Amino acid sequence: TLNLPGWTISVEMFFYLLFPALLFLQKRYIRLFILSTIILFVFAQYFNIRFYPNRHSLSDNIVDTVFFSPEIHISQFLIGMLSGYVFVRFRDRIPRFRLLPFAVVASIVLLLIYKPENLSFQAGLIDPIFALLIISVAVNDPKLLNIRPLVILGEISYGI
């Protein structure tokens, strides 16, 4: 395609359409929601780990299904929803460790530097760590999320 990351738009729109129903399920059946998120996350990682090393020799149908379909990426959206739930519901009970955001960023950087070549983060393998980062920043210093250069970077990266 002319716009290689363009596939994400249809996947995101699918999730945005599902969001009201998912939010209803999250509010009514939180334990089932958490369990479903874990199962879908494991499912996505299994298929990603199983097929990623052979991605260049797979047919287009398998590649499209395994790497670009909503079923593989829905756990990423659900992890984001659970992160919001945890923050809103437990923000007053989450301990404040000022160094935690820096430790999480260091962990992410190390994971990116030392990632095995046959492993992909495309299906959200490190999303739980990013969720921890966002929650820890929001709990420890929410003003950090409003720093103008970070807001601008977030806006333009989405636009690109």
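**Figure 1. Burial and overall make-up of the protein chain.** Of the 160 residues in the protein chain, 29% count as buried. Please keep in mind that this is a predicted model. The surface that the protein chain exposes comes to about 11100 Å², and carbon and sulfur atoms supply 70% of it. Along its principal axes, the C-alpha trace spans about 50 × 40 × 30 Å. The protein chain has seven helices and zero strands, which reads along the sequence as α-α-α-α-α-α-α. If we take the contacts between residues at least 6 apart in sequence, 76% of them join residues at least 24 apart.

**Figure 2. A close-up of T37 in helix α2.** Here we zoom in on T37, which sits in helix α2 (residues 30–51). Is T37 buried or exposed? T37 has a relative accessible area of 4%, and because buried means under 20%, T37 counts as buried. Which residues does T37 touch, leaving aside those up to four places away in sequence? They are S75, L78, I79 and L82.

**Figure 3. Where helix α2 meets helix α3.** A word of background for this view and the next: two packed helices are described by the angle between their axes and the distance between the axes. The axes of α2 and α3 come within 9 Å and cross at roughly 140°. The two helices, α2 and α3, are therefore oblique to each other. The crossing in which α2 passes α3 is left-handed. On the α2 side the contact is made by F47, N48 and F51, while α3 brings I62, V66 and F67. Sorted by class, the residues in this contact of α2 with α3 are five nonpolar, one polar and no charged.

**Figure 4. Where helix α3 meets helix α4.** Our last view follows α3 to its contact with α4. How do the axes of helix α3 (residues 60–68) and helix α4 (residues 70–90) cross, and within what distance do they come? The axes cross at roughly 10° and come within 5 Å. This angle makes α3 roughly parallel to α4, because angles under 35 degrees count as roughly parallel. From α3, the residues T65, V66, F67 and F68 take part, and they meet P70, I72 and H73 of α4. By class, the contact of α3 with α4 holds five nonpolar and two polar residues, with no charged ones. You may recognise V66 and F67 from the previous view, where they belong to the contact of α3 with α2.

Definitions and conventions:
Residues numbered from 1 in each chain as written. Predicted model: local features only at pLDDT ≥ 70, side-chain atom pairs only at ≥ 80, totals over all residues. Heavy atoms only, no water. Helix = DSSP H or I, 4+ residues; strand = E, 2+ residues; numbered from the N terminus. Buried < 20%, exposed > 50% of the residue type's maximum accessible area, 1.4 Å probe, protein only. Contact = heavy atoms within 4.5 Å. Axes fitted to C-alpha atoms, helices over the stretch in contact; angles between N-to-C directions. Parallel < 35°, antiparallel > 145°, perpendicular 65-115°, else oblique. Nonpolar A, V, L, I, M, F, W, Y, C, P; charged D, E, K, R; others polar. Left-handed = near helix turned anticlockwise from the far one by under 90°. Areas by Shrake-Rupley, 256 points an atom, 1.4 Å probe, with all protein chains shown as cover.
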